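Biologist: Could you take me through this model and say what stands behind each label you use? I will ask, and you can set the values against the definitions.

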Amino acid sequence: MHAEEAILDAQRLAPAGPVSPGKAWREMLHRYLATLVGAMIVAIALRAWIERRAFRRQGASDPRTRLGLPMLLVAVVVLQGLFGKWTVTLLLKPAIVTLHLLGGMAIVALLAWLSGRHLGLPGAQRPAQARALRPWAALGVPVLLVQIALGGWVSTNYAGLACVDFPTCHGSFQPDMDFEHGFHVFRELGMTAAGEPLSNAALNAIHWTHRLGALVVLLYLGFVGLWAIRVPGLRAYGTVLVAALLSQVILGIANVLAMLPLALAVAHNAVAGLLLAVLVMLNFALYSEPAR
């Protein structure tokens with residue numbers, strides 16, 4: 001058995017073992033923070049409702065008091081809470097855990113757009129250039145979300161160390177891969193839909209697809225970011241987007257070569273959220289009026 005296969009076997013057995021005090025503490029902290037975030041989002045919606053009523057009494061209106069986005073945030077938080085519950089009760093099913101991650105990212109995206117509205121972020125100083133960039137930046141959001149979903153699928157299937165070399169996987173650019181079982185959505189953790197143990201080839205397929213997705217995101221969002229840098233009024237967004245993109249690639253490679261240390265794995269998730277937030281704010285700015 002290869003060293004990486006032994007690591008994978010140990011990872012598969014980890015969820016069934018006893019919960020360590022450190023892990024229990026992290027889980028409780030996660031629950032408390034989730035409750036705090038939920039309470040803050042409810043407060044945001046309540047504040048928007050109160051301000052909306054005050055503006056209506058004055059016969060005025062303000063885009064910042066629109067209730068659609070705050071109420072959508074509340075709905076997503078409720079759904080996110082359900083995903084958190086199902087993550088535990090359904091014993092870490094990969095599909096549920098991945099949806100839990102995407103729910104968190106949806107909250108990040110909605111909060112970024114809401115922040116842009118309340119901060120009154122100005123748009124590009126050359127509207128014609130902004131209009132040309134709009135469809136490319138908008139398409140960047142689903143492209144990034146697909147890659148985040150692939151990253152979640154890697155994590156929830158414990159495939160982060162399926163390939164421990166870079167840029168190859170087991171010394172090859174075409175490793176042995178089983179896409180049919182690796183990407184079957186409705187199954188138990190570490191198992192195929194038929195209840196058989198998930199093979200290393202299936203884990204290779206999951207990991208390798210995420211790597212290929214990273215290359216697509218690097219090229220596409222790099223293109224969008226460099227374009228934004230050239231547009232007056234959007235340089236800051238483009239610069240942060242490119243910097244976060246390069247940081248994310250470096251973190252991804254470091255996670256593989258350093259055998260997935262916890263700090264780097266957390267940073268990889270955090271920068272993914274930052275990338276999404278910056279991209280959403282760039283899209284917001286593309287539809288905003290230029291600063292006067």
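Modeller: Let's start with the torsion about the S-S bond of Cys163 and Cys169: it is about -65°, so this disulfide is left-handed. Please keep in mind that this is a predicted model, where local features need pLDDT of at least 70 and side-chain atom pairs count only at pLDDT 80 or more, while totals for chains, interfaces and linings use all residues. Residues are numbered from 1 along each chain as its sequence is written, and side-chain values use heavy atoms, with hydrogens and water left out.

Biologist: What makes Cys163 and Cys169 a disulfide?

Modeller: The S to S distance is 1.9 Å, and a disulfide is defined as a pair of cysteine sulfur atoms within 2.5 Å, so the pair qualifies. The structure holds one disulfide.

Biologist: Why does Cys163 count as buried or exposed?

Modeller: Buried means under 20% relative accessible area, exposed over 50%, and partly exposed in between, with a 1.4 Å probe and protein chains only. Cys163 has 0% relative accessibility, so it counts as buried. Cys169, at 0%, is buried too.

Biologist: And why is Phe166 placed in its class?

Modeller: Its relative accessibility is 39%, so Phe166 counts as partly exposed. Phe166 sits in the loop between α5 and α6 (179-182); helices here are DSSP runs of H or I with at least four residues, strands are runs of E with at least two, and both are numbered from the N terminus.

Biologist: Which residues is Phe166 in contact with, leaving aside its neighbours within four places in sequence?

Modeller: Those are Arg211, Ile253 and Leu257, where contact means heavy atoms within 4.5 Å. The C-alpha atoms of Phe166 and Val256 are separated by 7.4 Å, although the two are 90 residues apart along the chain.

Biologist: How do you know that the length of α5 agrees with its number of residues?

Modeller: The expected span is 1.5 Å times one less than the number of residues. For the 30 residues of α5 (residues 127-156) that gives 44 Å, and the end C-alpha atoms are 43 Å apart, which agrees.

Biologist: Where does α5 bend?

Modeller: At Leu133, by about 40°, with Pro135 following within four residues. The bend is the angle between axes fitted to the seven residues ending at a position and the seven starting there. After α5 comes Tyr158, whose phi is positive, near 55°.

Biologist: Why is Gln147 of α5 put in its class?

Modeller: Gln147 has 9% relative accessibility, so it counts as buried. Beyond its neighbours within four places in sequence, Gln147 touches His210, Gly213, Ala214 and Val217.

Biologist: What makes a set of residues a nonpolar core?

Modeller: The members are buried Ala, Val, Leu, Ile, Met, Phe, Trp, Tyr and Cys residues, joined through side-chain atoms within 4.5 Å. The largest such core has 35 residues, and Leu144, Leu234 and Leu282 have the most contacts inside it. Two or more residues come from each of α4 (94-119), α5, α7 (200-229), α8 (235-257) and α9 (262-286). The biggest contribution is from α9, with 12 residues.

Biologist: Which residues does Leu144 contact, again without its neighbours within four places?

Modeller: Val217, Leu221, Leu275, Leu276 and Leu279. A second, separate core of nine residues includes Ala159, Leu198, Leu203 and Ile206.

Biologist: How many helices and strands does the protein chain have?

Modeller: Nine helices and zero strands. Of its 292 residues, 38% count as buried.
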